[in-house]
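Please look through the sequence and the model shown here. The paragraphs after them go from one local site to the overall make-up and then to the other parts.

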Amino acid sequence: ARAMTSVLVSARGLQYNLLDAIFCATDDGILSLAAIRNADDEVFDFQIVHLNQGTARLLRLPPDDLRWRRLSAGSHALCAADVIDRLVGVIASGSSDQFEVGCSSATLKLNASAVGDLLSLTLTDITDLKRQEQSFRLLFESNPMPMWVFDEHTKEFLGVNDAAVIHYGYDRATFLTMKLQDIWPKEQRESYARVFKGIGDIFES
């Protein structure tokens, strides 16, 4: 029994050490928040009870300036009233939520999950991704060639650029009520449909 206990303790110790190493090494911010309730038992604020170095780096504050502090008393991106309201909603629903917040010159993606009155919060820096999205959007919208985005299942248009509006003669609002096959020549729709089934993510018509 003593040998079994020793093995179990060693195995759990290794597991905890691994989790601690991941917690410390990741570039993402990981923190735990304790909900603070008022006299009416309503959550109105949160206290940071645990955080990693990634959190301090992303929020640009020393760990000691964050730990045990209330969100409403801080000056970082998590202290905004709309962010606190969103986190209160996670506690109220007992579920999870994902949203983005601006942090000076950065954009952070927040993943929040509730366990009772505790919140597990992960912060991911998506600044570069957002910049790439803006670049692709600019390329899409200003491209002189007609371009569009459509749902791969329903074939409904999700977005079109100005060149497509000019080329096909539909205004943008009308375009977004249409499907891909609506802009195909009627006499060629069957052949277009056959070609469409055999291609990947790019299609020209």
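**A walk through the model**

Leaving aside neighbours within four places in sequence, Thr-127 is in contact with Ser-105, Ala-106 and Thr-107, where contact means heavy atoms within 4.5 Å. This is a predicted model, in which local features need pLDDT of at least 70 and side-chain atom pairs count only at pLDDT 80 or more, while totals for chains, interfaces and linings use all residues. Residues are numbered from 1 along each chain as its sequence is written, and side-chain values use heavy atoms, with hydrogens and water left out.

Thr-127 belongs to helix 4, residues 127-142. Helices (H or I, at least four residues) and strands (E, at least two) are DSSP runs, numbered from the N terminus. Thr-127 has a relative accessible area of 9% and is therefore buried. Buried means under 20% relative accessible area, exposed over 50%, and partly exposed in between, with a 1.4 Å probe and protein chains only. The side chain of Thr-127 also takes part in polar contacts. A polar contact is a pair of N or O atoms within 3.5 Å; within protein, one must be able to donate a hydrogen and the other to accept it, and residues adjacent in sequence count only if both atoms are side-chain atoms. One such contact, of 2.6 Å, joins the side chain of Thr-127 to that of Asp-125. In addition, a polar atom of the Thr-127 side chain lies 2.9 Å from the backbone nitrogen of Thr-107.

Now for the protein as a whole. Its secondary structure comes to seven helices and seven strands, and along the sequence these follow the pattern α-β-β-α-α-β-β-β-α-β-β-α-α-α. The protein has 205 residues, of which 30% count as buried. Among its contacts with a separation of 6 or more, 34% are between residues 24 or more positions apart. The accessible surface comes to about 13,400 Å², and 54% of this belongs to carbon and sulfur atoms. Accessible areas come from the Shrake-Rupley method with a 1.4 Å probe; for residues, only the protein chains shown count as cover.

Helix 3 can be followed in some detail. Which of its residues are buried? They are Val-83, Ile-84, Leu-87, Val-88, Val-90 and Ile-91. Seen down the axis of helix 3, the buried residues fall within an arc of 155°, so they line one face of the helix. The arc is that of the directions from the helix axis to the C-beta atoms. An α-helix has 3.6 residues a turn, so residues three or four places apart point the same way. On the other side of helix 3, Ala-81, Asp-82, Asp-85 and Ala-92 are exposed. The cover over the buried residues of helix 3 includes strand 1 (29-37), strand 2 (43-51), strand 3 (96-103), strand 4 (106-115) and strand 5 (118-125). Just after helix 3, Gly-94 takes a positive phi of about 65°.

Strand 1 and strand 2, which are part of that cover, run antiparallel and are joined by seven bridges. Two strands pair if DSSP finds at least two bridges between them. Within this pair, Ile-36 stands opposite Asp-45 in strand 2. The two strands form a hairpin with five residues between them. In the turn, Asp-41 has a phi near 65°, a positive value in a residue other than glycine. With a relative accessible area of 52%, Asp-41 is exposed. Glu-42, in the loop between strand 1 and strand 2, counts as partly exposed at 45% relative accessibility. Outside its neighbours within four places in sequence, Glu-42 is in contact with Ile-36 and Arg-37. The C-alpha atoms of Glu-42 and Ala-92 are 9.2 Å apart in space, although the two are 50 residues apart in sequence.

A second hairpin is made by strand 6 (residues 148-150) and strand 7 (residues 157-160), which run antiparallel with three bridges. Phe-150 stands opposite Phe-157 in strand 7. Six residues lie between the strands, and in this hairpin Lys-155 takes a positive phi near 65°. Asp-151, in the loop between strand 6 and strand 7, is partly exposed at 25% relative accessibility. A polar atom of the Asp-151 side chain lies 2.7 Å from the backbone nitrogen of His-153.
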